[in-house]
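Subject: Structure for you to look at

Hello,

Here is the structure I said I would pass on. My notes on it follow below.

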Amino acid sequence: MKHTKHNTLNKKGFTLVEVLVVLAITGMVTTMIFSLLFYGFDVFSMTSKEYELQTNVRMAMQKTDKLVRYSTALFAVPDLTYMDDEWSYVGVSDDQSKIVSYVWDSTTNTHVETILVGPYDGVTFDMGFSKANTLSTDNTLQLYFDSFDANGSSRRYHIQSGYESLNALQVIDYGTASHPSKALAFRNETHSYENYKIIVNIAMVLDTSGSMDWDLNGKQISSGSTTKSRIDILKTQAAAMVENFAQNSNGDVSINISLVPFGSYAKTPSIFYDIKKSAERTTILSKINGLNATGSTNTGDGLRRAFYQLDTKSKADLAATSVDTIVKNYTITLVDGVTNTHSMKNTSSTTTSWGCIEWKSNGRCKTQGNVTTTTWDQQYYTDSATIKNCSFTPETTSCTPGYDSGSDGNAEANGYVTLMGAKLSNPDFTTNYMVSFAMSKTTSPIGFIAAATATPSERIYYATDADSLGLSFTEIQMSITNELWRFLGPKLTATAQ
């Protein structure tokens, strides 16, 4: 049988390896295509977010520009921790994720928050305000604005600009090197200050007793030592406070200071000097520099003289003015220890009666006639004059009024502080500040004086060295500034001061 051979085609298929190679190549190509596509989406999204960010920043800066230009009162402050009623604010939020404004709503008596920029994932902000001369009459204000990555490792961009206020009475920067201005406080209401004045009268009641000549540890300073005494430190810091007050440039505000030093008694206080006038400021600075420490501590006499200084000055101010005027009185009292002296006066009365005017040796009356008897009445001295520089004697008029010294914190000395402090306890008459300048922060000496003058705890300061005394005076200055907000600015936080 003949066999026939059939030629068949080789229909061999793809191997598994070939299939896997094709799939891998296809996957790589697909991944590349989608990566490019997603990258494009990411770039578009990032560009859009960056555009949105920059647009919102520009809008925020434009709003800031408008509020700077048209606000009636404008102050750069260190932060937004304290927001005073009736003031509006703009600044960076606590977590630095947003730029926000807080506009005062007089209807609800609250601040209404508006987010100007942010928040954005991975973005933080910083902004600040400054002036070349923080308290100058120049109404220009510099703004810088920074954006960072969330961890703060790199800055995305930096913007700096300058603005000028057209309506504000003054533009003030309350920032310092340690607490630069990071926010803006402003007001927009319309006020007319024409023919409107405010007079600030400050009595500086300063302890110049003998212990003020000691060092900060309460020890006498040896001859030739370079250690500064308490009185030297006081003179430096008190002068600095006067200089800072004098920087106010509002022509409708006068700031007048009287120096009331006291030791065993309060010597004649200085007149009130208008410290915004160069010549008068120079005079009171010279008087501060001339202070010396001697005698005991008659705090009550210092309070007595301060009351009459303020009472006389404020009455004269109101009587002399022909325009609407507000008079604000203040005392700043500094002591370094416990009161131990008080001021006294004698009044005598004479009575005449029939009696024996001459006696026999046996004790019987030899001659009768009119007998004159003198009795003495000792009282605290509460009038306005300067007492005599001598120690009070209960049964003579040779030193009346005079001062009577005793032990620290004796009942008579404390009673005199209570009596004289009551004259300064009316908040409608004066606002009081107390400074304890001693190593010990015990509350009893300064607390007793504060209680006598109705001074609240937030206006009591404890200074134990030169820096803390300077800070206390700065905080007092700022506190007075806060009360006179319409002319001198909004409230600040304690840390910012």
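Among contacts in the protein chain between residues at least 6 apart in sequence, those joining residues at least 24 apart make up 69%. Please keep in mind that this is a predicted model. The protein chain has 497 residues, of which 45% count as buried. Its secondary structure comprises 8 helices and 18 strands.

One example of two residues brought together from distant parts of the chain is the pair L184 and V77. They are 107 residues apart along the chain, yet their C-alpha atoms are separated by 5.9 Å. L184 belongs to strand β9, residues 183-187. With a relative accessibility of 0%, L184 counts as buried.

Next, a helix pair. Helix α2 spans residues 230-246 and helix α3 spans residues 278-289; their axes come within 9 Å and cross at roughly 165°. An angle over 145 degrees counts as roughly antiparallel, so that is how α2 runs relative to α3. The crossing of the two helices is right-handed. On the α2 side, the contact is made by K235, A238, A239, V242, E243 and A246, and on the α3 side by R281, I284, L285, I288 and N289. Sorted by type, the residues of this contact are 7 nonpolar, 1 polar and 3 charged.

Helix α6 (residues 444-452) is worth a look for how its residues are distributed around the axis. Which residues of α6 are buried? They are P445, I446, I449, A450 and A452. These residues lie on the same side of α6, because the arc they cover around the axis is only 160°. On the other side of the helix, S444 and A451 are exposed.

What do the buried residues of α6 pack against? Their partners are two helices and three strands: α4 (299-320) and α5 (411-422), together with β13 (324-335), β17 (431-437) and β18 (460-463).

Some backbone details remain. Most residues other than glycine have a negative phi, and most peptide bonds are trans. The following places depart from that pattern.

- A454, just after α6, has a positive phi of about 55°, although A454 is not a glycine. This residue lies in the loop between α6 and β18. Its relative accessible area is 46%, so A454 is partly exposed.
- Q96 is not a glycine either, and its phi is positive at about 65°. Q96 sits in the loop that runs between β2 (88-92) and β3 (99-105). At 36% relative accessibility, Q96 counts as partly exposed.
- T400 and P401 are joined by a cis peptide bond, with omega at about 0°. The loop holding P401 lies between β15 (365-380) and β16 (402-405).

If you open the model with these notes beside it, I would begin with α6: its buried side packs against elements that include β18, and A454 is in the loop between α6 and that strand. After that, the contact of α2 with α3 can be followed residue by residue, for instance from K235 on α2 and R281 on α3.

Regards

Key: Residues are numbered from 1 along each chain as its sequence is written. This is a predicted model: local features need pLDDT of at least 70, side-chain atom pairs count only at pLDDT 80 or more; totals for chains, interfaces and linings use all residues. Side-chain values use heavy atoms; hydrogens and water are left out. Axes are lines fitted to C-alpha atoms, for helices over the stretch in contact, and angles run from 0 to 180 degrees between N-to-C directions. Helices (H or I, at least four residues) and strands (E, at least two) are DSSP runs, numbered from the N terminus. Angles under 35 degrees count as roughly parallel, over 145 as roughly antiparallel, 65 to 115 as roughly perpendicular and the rest as oblique. A crossing is left-handed if the near helix is turned anticlockwise from the far one by less than a right angle, and right-handed if clockwise. Contact means heavy atoms within 4.5 Å. Ala, Val, Leu, Ile, Met, Phe, Trp, Tyr, Cys and Pro count as nonpolar, Asp, Glu, Lys and Arg as charged, and the others, Gly among them, as polar. Buried means under 20% relative accessible area, exposed over 50%, partly exposed in between (1.4 Å probe, protein chains only). The arc is that of the directions from the helix axis to the C-beta atoms.
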